[in-house]
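Colleague: I am new to this structure and should be grateful for a guided introduction. May I put some questions to you in turn?

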Amino acid sequence: MKQQPLDQDLSVLLSDYQILYMKLRGYHWTVTGPLFFGLHAKFEELYDEAAEKVDALAERLAARGSRPPLTLKEQLGLARLKEEAAQPSANDMVRNIATDLEALNVSLRKLEQAAAKAGDAATENLAQGYADGQEKTIWMLRAFLNG
Ligand SMILES: [Fe+2]
């Protein structure tokens, strides 16, 4: 079934948050060094947020009468973010997450505009809320890296 453009955007975002979720879990498990305690906890906080977003995006799709992508295979086919099999340094982990969130914010702001144009206030608000929150997270991650 061909999805409407907004549903396609929501499906891609859902899939991207699944990739981000798994990447953050991997970082949570494998981060090492003097920054361990702070980053181990921060990555957990961020993967919990990513999981909540996956759920909210799926439910937004359902409310719009569209089927969310249900399998990891389907989600991998849709996602724009790349999986991480390597075990980067603690700083590179933070840099990768900041970069992924920046890419997500570009998609979210586009979706916000498209939803406004289509008169879908719920999707507009959802995208705007995520982008606004992530701007703050990106600032914090960049501040950490500049320390
Ligand atoms: Fe844990």
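Colleague: Which residues of α2 are buried?

Modeller: Please note first that this is a predicted model. Helix α2 covers residues 36–63, and a residue counts as buried when its relative accessible area is under 20%. In α2 the buried residues are Leu-39, Phe-43, Leu-46, Tyr-47, Ala-50, Lys-53, Val-54, Leu-57, Ala-58, Arg-60 and Leu-61.

Colleague: Against which helices do the buried residues of α2 pack?

Modeller: Contact here requires heavy atoms within 4.5 Å. The buried residues of α2, Leu-46 among them, have three helices as packing partners: α1 (5–30), α4 and α5 (121–145).

Colleague: How many helices and how many strands does the chain have?

Modeller: Read along the sequence, the pattern is α-α-α-α-α. The secondary structure therefore holds no strand beside its helices, under DSSP runs numbered from the N terminus. The count is five helices and zero strands.

Colleague: What radius of gyration does the chain have, and why does it agree with a compact globule?

Modeller: The C-alpha atoms fill a box of roughly 50 × 30 × 20 Å along the principal axes. For 147 residues, a compact globule would have a radius of gyration near 15 Å, and the value for the chain agrees with this. That value is 16 Å.

Colleague: What share of the contacts in the chain with a separation of 6 or more comes from residues 24 or more positions apart?

Modeller: One contact of Thr-137, in helix α5, is with Leu-46, a residue of α2. Over the chain, among contacts with a separation of 6 or more, residues 24 or more positions apart account for 77%.

Colleague: Is Ser-107 buried or exposed?

Modeller: Ser-107 is placed in helix α4, residues 90–118. Its relative accessibility is 17%, and the limit for a buried residue is under 20%. Ser-107 therefore counts as buried.

Colleague: Is Arg-80 buried or exposed?

Modeller: Arg-80 lies in the loop between α3 (72–78) and α4. Beyond its neighbours within four places in sequence, Arg-80 is in contact with Val-12, Asp-16 and Ser-107. Because its relative accessibility is 52%, and exposed means over 50%, Arg-80 counts as exposed.

Colleague: With which residues is Thr-137 in contact, leaving aside its neighbours within four places in sequence?

Modeller: Thr-137 lies in helix α5 and, at 16% relative accessibility, counts as buried. The C-alpha atoms of Thr-137 and Arg-80 are separated by 20 Å, with their positions 57 residues apart along the chain. The contacts of Thr-137 outside its sequence neighbours are Leu-46 and Leu-101.

Colleague: How far apart are the end C-alpha atoms of α4, and why does this agree with its 29 residues?

Modeller: The 29 residues of α4, at 1.5 Å a residue, should span 42 Å, and the model agrees with that expectation. Just after α4, Gly-119 takes a positive phi of about 75°. The end C-alpha atoms of α4 are apart by 42 Å.

Colleague: How far apart do the centres of the positive and negative side chains lie?

Modeller: The accessible surface of the chain comes to about 8100 Å², and 56% of this belongs to carbon and sulfur atoms. As for charge, the chain has 17 positive and 21 negative side chains. The centres of the two sets lie apart by 5 Å.

Definitions and conventions. Residues numbered from 1 in each chain as written. Predicted model: local features only at pLDDT ≥ 70, side-chain atom pairs only at ≥ 80, totals over all residues. Heavy atoms only, no water. Helix = DSSP H or I, 4+ residues; strand = E, 2+ residues; numbered from the N terminus. Buried < 20%, exposed > 50% of the residue type's maximum accessible area, 1.4 Å probe, protein only. Expected span 1.5 Å × (residues − 1). Rg over C-alpha atoms; globule rule 2.2 N^0.38 Å. Areas by Shrake-Rupley, 256 points an atom, 1.4 Å probe, with all protein chains shown as cover. Lys, Arg positive; Asp, Glu negative; His and termini not counted. Charge placed at Lys NZ, Arg CZ, Asp CG, Glu CD.
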